[in-house]
Amino acid sequence: MCKISMQMVMQRGFTWRGSHDNLFGFAKSVTAGRLAKESWLQRLHVKPLIARIQIEFLCGINEFIYCNTLHFFLAKNMMSGICATLTAVAIALFVKKRFGSMAAIVSLLALSTSTQYLLNHCARTGDADSLFVFFFTLSILSLLAARRQTRWLYAAGLACSLAFLTKSWHAGNILLIMVLYFLITRQWESGRWRAWWRAALTFVVPVLAWAFARYHYDGFSFFKQMIGYDLLLRSTRPIEGHIGDETYYGIILVHFFFWWLALLVGIMVISYMQGVRLLAFEGTDHRLKEDVIGILLWICVPLLMFTIAKTKIRWYILPVYPPLCMLIGICASQLWRKGTWGARGLLLAGLLFVASFYETNIQHYIHHPKPNFELALLQQTAQMPVHGYELFMYHPLHEKGRWPQNAVLTAELANDLKPRHGGLKTFLHTSRSLLLVKKAWFSKQLEHKYHLSVLASNRWGYILEKHA
């Protein structure tokens, strides 16, 4: 069963079929890679896509330079798949060693059927979030392992620095978890201050090395944007239309993870009725309790911090899925060992139902992807003699034209089209150009007034060209 769970994770990580709607973060990496052919550092500074450091962008630049476009496209998906697989392996090994095979199997089963983790801006979509979740997981697992072997503290610090270099301030959750874990488990009593200082150095040195290189290029410009926009503005105001109240992330978890949460609640209820004490380890290594404390902090801290932040985006809470799956596995394992045969039967039935339910949803998503007709329209230009044309977007005066990253990516990959701002007026004065028009804004009057003709169309809209 453990082997099957691992195969499920790997299969979803290394294949790409699904909705184009999840290409936004991936598109940023590909766009950065394409810009690398000209002047990668300058381009990333002028428009860094997001005000973060992004190790994944630097990896993407290398891959794009040495691979053609198709291979780069597959390589980016493979990177997120590799990270998702390594995350699953790390969790399985840790849980098996600490809590037994049953806990590891259930943890893997839950993770391999977590729809948001697999399908939404993470494992299968070529996004940096998969890399970030891996570093986040590695850092916290190393922190918990350090209670037994001090050298794991250095791995925790290094993984935390890599998480910071991937998603910037999001890694602050890791540091907060470490501080709270240090205080709650009274780590100062162990007398390992020197080890903790060394661990701090393994975090600080890579970050300072990057900061020095960045400062050498453009001084404090990038840091001002990084702090002012990506930290302060994102934390205090909802930006880019990403709004939500205090229930936002709870609703997201219920939407994507409802039946696994329901199973966890069911395990707690049955355990209470049968007098089984979950997460209690009397007569065993007291450090198991500290492991559970770390796992609970791992769940609660990101949920709390992102709930406090004003900008709400659903994939911000992706790092909580590994510890949630571990918690489900640990609780299920304890009920299986301590419960009656009836309780075991209910647990097994619940596991099979929840896993099969989400597996069915995942297979349906993979084999019946939701179409994106805007991107499909852009793809129609692939075999047309418009290679390298500039592409403008038509919009009424009261609307603001904005190119989504997945449309930019699709236009570039389809026929090396170059999306530009400027609208109708700039399009009319630009040679070798096309105009993308949404169906609701198209009219025959527009076509005849400016002597345009339809190059391609579908249910989303039209691509227009000027008469020769």
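Biologist: Which helices do the buried residues of α9 pack against?
Modeller: This is a predicted model, where local features need pLDDT of at least 70, side-chain atom pairs count only at pLDDT 80 or more, and totals for chains, interfaces and linings use all residues. Residues are numbered from 1 along each chain as its sequence is written, and side-chain values use heavy atoms, with hydrogens and water left out. Buried means under 20% relative accessible area, exposed over 50%, and partly exposed in between (1.4 Å probe, protein chains only), while contact means heavy atoms within 4.5 Å. The buried residues of α9, including Tyr181, pack against α7, α8 (152-167), α10 and α13 (287-308).

Biologist: What span does α9 reach from its first C-alpha to its last?
Modeller: Helices (H or I, at least four residues) and strands (E, at least two) are DSSP runs, numbered from the N terminus. A helix's expected span is 1.5 Å times one less than its number of residues. With its 13 residues, α9 comes close to the expected 18 Å, reaching 18 Å.

Biologist: Which residues does serine 139 contact, leaving aside its neighbours within four places in sequence?
Modeller: Serine 139 sits in helix α7 (residues 128-145). It counts as buried because its relative accessibility is 0%. Two of its partners, Ile174 and Met178, are also among the buried residues of α9. The full set for serine 139 is Ala156, Ala159, Cys160, Ile174 and Met178.

Biologist: How many Å separate leucine 144 and tyrosine 181, C-alpha to C-alpha?
Modeller: Leucine 144 is another residue of α7, and at 0% relative accessibility it is buried. Not counting residues up to four places away in sequence, leucine 144 touches Tyr181, along with others including Phe94 and Glu290. In sequence the two are 37 residues apart, and in space the distance is 9.1 Å.

Biologist: Which helix gives the largest share of the nonpolar patch?
Modeller: Patches take residues with over 30% relative accessible area and no salt bridge, joining like charges within 9 Å and nonpolar side chains (Val, Leu, Ile, Met, Phe, Trp, Tyr) within 5 Å; a salt bridge is a side-chain nitrogen of Lys or Arg within 4 Å of a carboxyl oxygen of Asp or Glu. Here Val179, Leu183, Ile184, Trp188, Trp193 and Trp197 make up the patch, with about 660 Å² of accessible area together (Shrake-Rupley method, 1.4 Å probe, only the protein chains shown counting as cover for residues). Both α9 (172-184) and α10 (193-218) supply at least two of its residues. The largest share, 3 residues, comes from α9.

Biologist: Is tryptophan 188 buried, exposed or partly exposed?
Modeller: Tryptophan 188 lies in the loop between α9 and α10. Arginine 186, just after α9, takes a positive phi of about 55°. With a relative accessible area of 33%, tryptophan 188 is partly exposed.

Biologist: How many disulfides does the structure hold?
Modeller: A disulfide is a covalent bond between the sulfur atoms of two cysteines, counted here when those atoms are within 2.5 Å. Take cysteine 122, which is buried at 0% relative accessible area: the closest cysteine sulfur, in cysteine 83, is 9.0 Å from its own, so that's too far for a bond. The number of disulfides is 0.

Biologist: What percentage of the chain's residues are buried?
Modeller: The chain folds into 19 helices and 5 strands. Of its contacts with a separation of 6 or more, 78% join residues 24 or more positions apart. Among its 468 residues, the buried part is 53%.
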